[in-house]
Amino acid sequence: MSRKGKFYSNVPEQIVENLTLCNTFITVFFVFQTGCGGKITNIFASSGTITSPNYPSNYGSHADCSWRITVPNGFVVRLTFIVFDLESSRNCRYDYVKVEDTSGSLIGLYCGTKAQFTVSSSGRSLYVRFRSDKNVNKGGFRASFTAVNRRPPPGKTFVA
Ligand SMILES: [Ca+2]
């Protein structure tokens, strides 16, 4: 009797079409979101956490997310990957996390499933890039960073 009732009872094809359009939109939005647009997130802090997109749910396809972590002068960055679960591939050519030192030199290229591990910068900043390819998406990563004294406190003997 109402237009709404008529719509639902008489035009089911249109509903299906609308749902399809809706799903297409969601998919496009999802890919866009997980891609991070290749943008770098600049973080200025003494400690914090970074995660792959959608964490702890699986990351999406075609993700490209970067972080530049900068800690106060006189400190270096110590970054610990607490959870790490990426698609495994030879030379990490599909999904990977790349970590670069303050100077831009490569610290490591990581993929697959790894136990907790830690990387440290030589200067006050560290660059992290996460990328995924078109398929096989895993749980991703969660990593915490903290600023660590570059030099030992005055009067103390430094032991490596
Ligand atoms: Ca993948």
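Here is a short friendly conversation about the predicted model shown above.

Me: What should I know about the model and its numbering before I start?
Reply: This is a predicted model, in which local features need pLDDT of at least 70, side-chain atom pairs count only at pLDDT 80 or more, and totals for chains, interfaces and linings use all residues. Residues are numbered along each chain as its sequence is written, starting from 1.

Me: In what order do the elements of the protein chain run from the N terminus on?
Reply: Helices (H or I, at least four residues) and strands (E, at least two) are DSSP runs, numbered from the N terminus. The protein chain has two helices and 10 strands. From the N terminus on, the order is α-α-β-β-β-β-β-β-β-β-β-β.

Me: Which strands stand at the edges of the five-strand open sheet?
Reply: Two strands pair if DSSP finds at least two bridges between them. With mixed pairing, five strands form an open sheet in the order 1-3-9-5-6. Each edge strand has a single partner strand, so one side of each is left without a neighbour in the sheet; these are strand 1 (40-44) and strand 6 (106-110).

Me: How many bridges join strand 3 to strand 9?
Reply: Strand 3 covers residues 64-70 and strand 9 covers residues 125-131, and the two run antiparallel. Along this pair, D64 stands opposite R131, and I69 stands opposite L126. The number of bridges joining them is seven.

Me: Which residue in strand 9 stands opposite E100?
Reply: Strand 5 (residues 96-100) also pairs with strand 9, in the antiparallel sense and over five bridges. Opposite E100, in strand 9, stands Y127.

Me: Which element gives the largest share of the largest nonpolar core?
Reply: A nonpolar core is a set of buried Ala, Val, Leu, Ile, Met, Phe, Trp, Tyr and Cys residues joined through C-beta atoms within 7 Å. Of the 24 residues in the largest one, I69, V77, L79, V97 and L126 touch the most other members. Two or more residues come from each of strand 3, strand 4 (75-85), strand 5, strand 9 and strand 10 (140-149). The largest share, five residues, comes from strand 4.

Me: What percentage of the 160 residues of the protein chain count as buried?
Reply: A residue is buried if 20 or more other C-beta atoms lie within 10 Å of its own, exposed if 12 or fewer, and partly exposed in between, with C-beta atoms placed from the backbone. By that rule, the buried part of the protein chain is 22%.

Me: Which residues does T146 contact, leaving aside its neighbours within four places in sequence?
Reply: Two residues are in contact if their C-beta atoms, placed from the backbone, lie within 7 Å. T146 is found in strand 10, and it is partly exposed because 15 other C-beta atoms lie within 10 Å. Its contacts, leaving those neighbours aside, are S46, S47 and R78.

Me: Which two residues does a cis peptide bond join?
Reply: The place to look is the loop between strand 2 (47-51) and strand 3, where P56 sits. Omega of this bond is about 10 degrees, and the residues joined are Y55 and P56.

Me: Is N54 buried, partly exposed or exposed?
Reply: N54 is found in the loop between strand 2 and strand 3. Although N54 is not a glycine, its phi is positive, about 75 degrees. N54 has 16 C-beta neighbours inside 10 Å, so it counts as partly exposed.
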